[in-house]
Amino acid sequence: MADVNKTPEHPFEPPPRLTHVRADGSAHMVDVSSKQETTREATAQAVLTTTPEVVALLAEGGLPKGDALSVARIAGIMAAKKTPELIPLCHPLPIAKVTVDFELGRASVAVYATVKTRGVTGVEMEALTAASVAALGVYDMIKAVDKHAVISEVKVLAKSGGKSGDWSLPGAGPVGGAGS
């Protein structure tokens, strides 16, 4: 855990400010009532590593439990809408759009989730939750044929809107992900 009272490493760097922590160290939900409503969008990813044989089964729809990607897509969409119930300090948001897409690699499945809203706070957590739960959905569907699959590389790729403006990881491409 970061020490918010620690002196910065660089003398010109401002100390980090954790907005969800009060001066006494207790957590609270940030007051966003004075923030301006804007269109906000975020794209996140999760990567499930498995075997080439399992990827072939996914592509063919040949898994014992059925069409894993359709089930995982719905799980991811539902998860985005449930984020404030899962992550305690997230604000409930009017979700306008959720897309969950998959990219099959030789021995991996990349999950891309994009969430959009018009509101006073961003949707990065909703996109991360959607990508994570969709990857968990794929894992659940393939565990009968690969108990050793690994979910990794869960991260925000890009976001837009709000006071801080647009941001993306180098090489991540524009906000909107696949299928936007």
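This report describes the sheet, the nonpolar core and an annotated site in a predicted model.

## The sheet

Five strands form an open sheet in the order β2-β3-β1-β4-β5, and their pairing is antiparallel. The edges are taken by β2 (95–104) and β5 (167–168); each has a single partner strand, so one side of each is left without a neighbour in the sheet.

Strand β1 (residues 38–49) runs antiparallel to strand β3 (residues 108–119), and twelve bridges join the two. Within this pairing, Thr 43 of the one strand faces Thr 114 in β3. β3 also pairs with β2 in the antiparallel sense, here over nine bridges. Three residues make up the hairpin connection from β2 to β3. Phe 102 has Val 111 in β3 as its bridge partner.

## Helix α2 and the nonpolar core

Helix α2 (residues 68–86) lies across β2 and β3 and runs at about 145 degrees to β2.

The largest nonpolar core contains 31 residues. Those with the most contacts inside this core are Leu 58, Val 100, Phe 102, Val 111, Val 138 and Ile 142. At least two core residues come from each of β1, α1 (52–60), α2, β2, β3 and α3 (124–142). The biggest contribution is that of α3, with nine residues. Two of the residues named for their contacts, Phe 102 and Val 111, are also the bridge partners described above.

Ile 142 is another of the residues with the most contacts inside the core. Leaving aside residues up to four places away in sequence, Ile 142 touches Leu 48, Thr 50, Val 54, Leu 58, Leu 63 and Ala 149. Among these, Leu 58 is itself listed with the most contacts inside the core.

## The annotated site

An unreviewed UniProt entry carries the annotation "binding site" for Leu 89, Cys 90, His 91, Met 125 and Glu 126. These residues span 38 positions in sequence, but no two of their C-alpha atoms are more than 12.3 Å apart, so they gather at one spot.

Leu 89 is placed in the loop between α2 and β2, and Cys 90 lies in that loop as well. Buried or exposed: which describes Cys 90? Cys 90 counts as buried because its relative accessibility is 12%, under the 20% limit. Leu 89, in contrast, is partly exposed, with a relative accessible area of 27%.

Not counting residues up to four places away in sequence, Cys 90 touches Met 29, Thr 83, Pro 84 and Met 125. Of these contacts, Met 125 is also covered by the "binding site" annotation in the UniProt entry.

Definitions and conventions:
Residues numbered from 1 in each chain as written. Predicted model: local features only at pLDDT ≥ 70, side-chain atom pairs only at ≥ 80, totals over all residues. Heavy atoms only, no water. Pairing = 2+ DSSP bridges. Helix = DSSP H or I, 4+ residues; strand = E, 2+ residues; numbered from the N terminus. Contact = heavy atoms within 4.5 Å. Axes fitted to C-alpha atoms, helices over the stretch in contact; angles between N-to-C directions. UniProt positions renumbered as here; feature names shortened; annotations may be inferred. Buried < 20%, exposed > 50% of the residue type's maximum accessible area, 1.4 Å probe, protein only. Core = buried A, V, L, I, M, F, W, Y, C linked by side-chain atoms within 4.5 Å.
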